[in-house]
Amino acid sequence: EALWDLLHRRIENLSLSQLGPMLFSATALVSGLNVGPRAGTITMQTKTVTPLPASVKPGVVTGEALWDLLQHAKENKYAIPAVNVVSSCSISSCLEAAAKYGGPMIVQFSRGGGQFIAGKTADNADDAACIAGSVAGALHVRQVAELYGVPVILHTDHCQRSWLPWFDGLMDANEKYFKANGEPLFSSHMLDLSEEPLEENVGTCKEYLQRMAKCDILLEMELGVTGGEEDGVDNTDIDSSRLYTQPEEVWEVYQQLSSVPNGRFTVAAAFGNVHGVYAPGNVKLDPKILRNSQEYISQQLGLGAGAKPCSFVFHGGSGSDINDIKEAISYGVIKMNIDTDTQWAFWDGVREYEAKYHDYLQGQIGNPEGETKPNKKYYDPRMALRSGEEAMAKRLCEAAEDLNCIDVLNWSK
């Protein structure tokens, strides 16, 4: 911008005969600069994106439409951001961002997030509050998602064996909703039994997928262990070797789950993933594990070179190197979880609001404009929360660019 301002001032004092060489020199100079996008803007993709399958519409997608959307992501080499939400504010941030970047969004609920939505003092015997809050959040998303004009996937995050009562309660809600509406309430659910022996992990996942397939719900399962800590799951001291999945393990999952009639699934195969944000060099991702797994499965199935039979999920996306993200997508990652960075973004928006209006937030009456001036419009909760929403939506637009998920809604005519 400083360069253009300087040129503008110079040009105003030039004659037409002087202007041509000047502009040529300026153009050559600018074309030689590596100028990145301005902060806060989205760089639209120049690649051609194939039309979305006709089954995919604005609003919550399930069943065949969900699977078609995920295959569209794989074929066009983009991944969909997935965000754990805890309130209508974080839901609105997700949907606002998706409308801005022109792509799908995965709105997901953790067990703890569901409980928070229900209220921290609500009776949680047998996970009642966790179930009720997750269901209430899903119903809210269904009510508003279509207004944003984007496809939305409703998902739930990690569920270990001790949390299966929560999962079972959600399945009860899905089956009830399916009976009334012909589709499930949620699009998909995750089972995380990665700390258990492979046989038990796969066996339980297959058992649940048989139930889920009857009402068109996709299963996300985890292989290996995601390090770090998130929402009550602490793997900070896990043996580092368990952070890396082997191709033979992925093939075992693929074989078993593919045998379920109408069963659809994705695999969160660990390749060094860690929840949270850490100093550079502390997390060592190896996306080639995903490539090797695709090649191994393709060999077993007799598929040609370059086939990607398995759909992968990238956990612990916050703070990851952009090159690792791009490489993982090239190997068939169609979903990336981003939670820690969005939590910080929301808080940072609230913090900035408080800093900007600090002197108006010290009492109901009295501010720099006068001792009797009211401050209601400043301490209205919507003001600070809206600032958080905007900051979170901005961060998600940046994530979508990293995931090649900008302007991918080439709707079928």
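Let me begin with a word on terms: buried means under 20% relative accessible area, exposed means over 50%, and partly exposed is what falls in between. With that in hand, Ala128 counts as partly exposed, because its relative accessible area is 34%. Please keep in mind throughout that what we are looking at is a predicted model.

Let me stay with Ala128 for a moment, since we can place it quite precisely. Ala128 belongs to helix α6, and its C-alpha atom is 9.2 Å from that of Ala118, a residue 10 positions away in sequence. Now look at Asp127, which sits in the loop between α5 (111–118) and α6 (128–144). Is Asp127 buried or exposed? Asp127 is buried, because its relative accessibility is 6% and the cut-off for that word is under 20%. If you follow the chain on to Pro165, 38 residues away from Asp127, you will find that the two C-alpha atoms are separated by 6.6 Å.

Two other buried positions can be described in the same manner. Ile80 is found in strand β2, which covers residues 80–84, and with a relative accessible area of 0% Ile80 is buried. Between the C-alpha atoms of Ile80 and Ile153 there are 9.5 Å, although 73 residues separate the two along the chain. Val250, in turn, lies in helix α9, and Val250 is also given a relative accessible area of 0%, so that residue is buried. The partner to look for here is Val267, 17 residues from Val250 in sequence and 7.9 Å from it in space, taken from C-alpha to C-alpha.

I mentioned Ile153, and that residue brings us to the cavities. How many cavities of 30 Å³ or more does a search of the whole structure find? The search finds 5, and I would like to concentrate on the second largest, which holds about 70 Å³ of space. Its lining includes Ile153 and His155, together with Leu66, Leu70, Leu218 and Glu220, and also Ile334 and Lys335. The other residues in the lining are Ile106, Ser188, Thr266 and Val313. In terms of secondary structure, α3 (63–75), β4 (151–156), β6 (218–223) and β11 (333–337) each contribute at least two residues to this lining. Sorted by class, the lining of this second largest cavity is made up of 7 nonpolar, 3 polar and 2 charged residues.

Let me turn next to the backbone, where two residues deserve a careful look. Most residues other than glycine have a negative phi. Asp216, however, has a phi near 60°, which is a positive value in a residue that is not glycine. Asp216 is located in the loop between α8 (198–213) and β6, and it counts as partly exposed because its relative accessibility is 26%. Asn404 likewise has a positive phi, near 60°, and is again a residue other than glycine. Where does Asn404 lie? Asn404 is in the segment after α14 (381–402), and Asn404 is buried, because its relative accessible area is 18% and buried means under 20%.

That leaves the helix packing. Two packed helices are described by the angle between their axes and the distance between the axes. For α8 and helix α9, which spans residues 247–258, the angle is about 25° and the axes are 10 Å apart. Angles under 35 degrees count as roughly parallel, and therefore α8 and α9 are roughly parallel to each other. The crossing of α8 and α9 is right-handed.

The second pair is helix α4, residues 88–101, with α14, whose axes come within 8 Å of one another and cross at roughly 45°. Because of that angle, α4 and α14 are oblique to each other, and the crossing in which α4 passes α14 is right-handed.

How values were computed
Residues are numbered from 1 along each chain as its sequence is written. This is a predicted model: local features need pLDDT of at least 70, side-chain atom pairs count only at pLDDT 80 or more; totals for chains, interfaces and linings use all residues. Side-chain values use heavy atoms; hydrogens and water are left out. On a 1 Å grid over the protein atoms alone, a cavity is a set of points where a 1.4 Å probe fits but cannot get out, and a pocket is an open set with protein on both sides within 12 Å along at least five of seven lines; lining residues have an atom within 4 Å of a point. Grid points are joined across faces, edges and corners, and a volume is the space filled by probe spheres set on the points. Helices (H or I, at least four residues) and strands (E, at least two) are DSSP runs, numbered from the N terminus. Ala, Val, Leu, Ile, Met, Phe, Trp, Tyr, Cys and Pro count as nonpolar, Asp, Glu, Lys and Arg as charged, and the others, Gly among them, as polar. Buried means under 20% relative accessible area, exposed over 50%, partly exposed in between (1.4 Å probe, protein chains only). Axes are lines fitted to C-alpha atoms, for helices over the stretch in contact, and angles run from 0 to 180 degrees between N-to-C directions. Angles under 35 degrees count as roughly parallel, over 145 as roughly antiparallel, 65 to 115 as roughly perpendicular and the rest as oblique. A crossing is left-handed if the near helix is turned anticlockwise from the far one by less than a right angle, and right-handed if clockwise.
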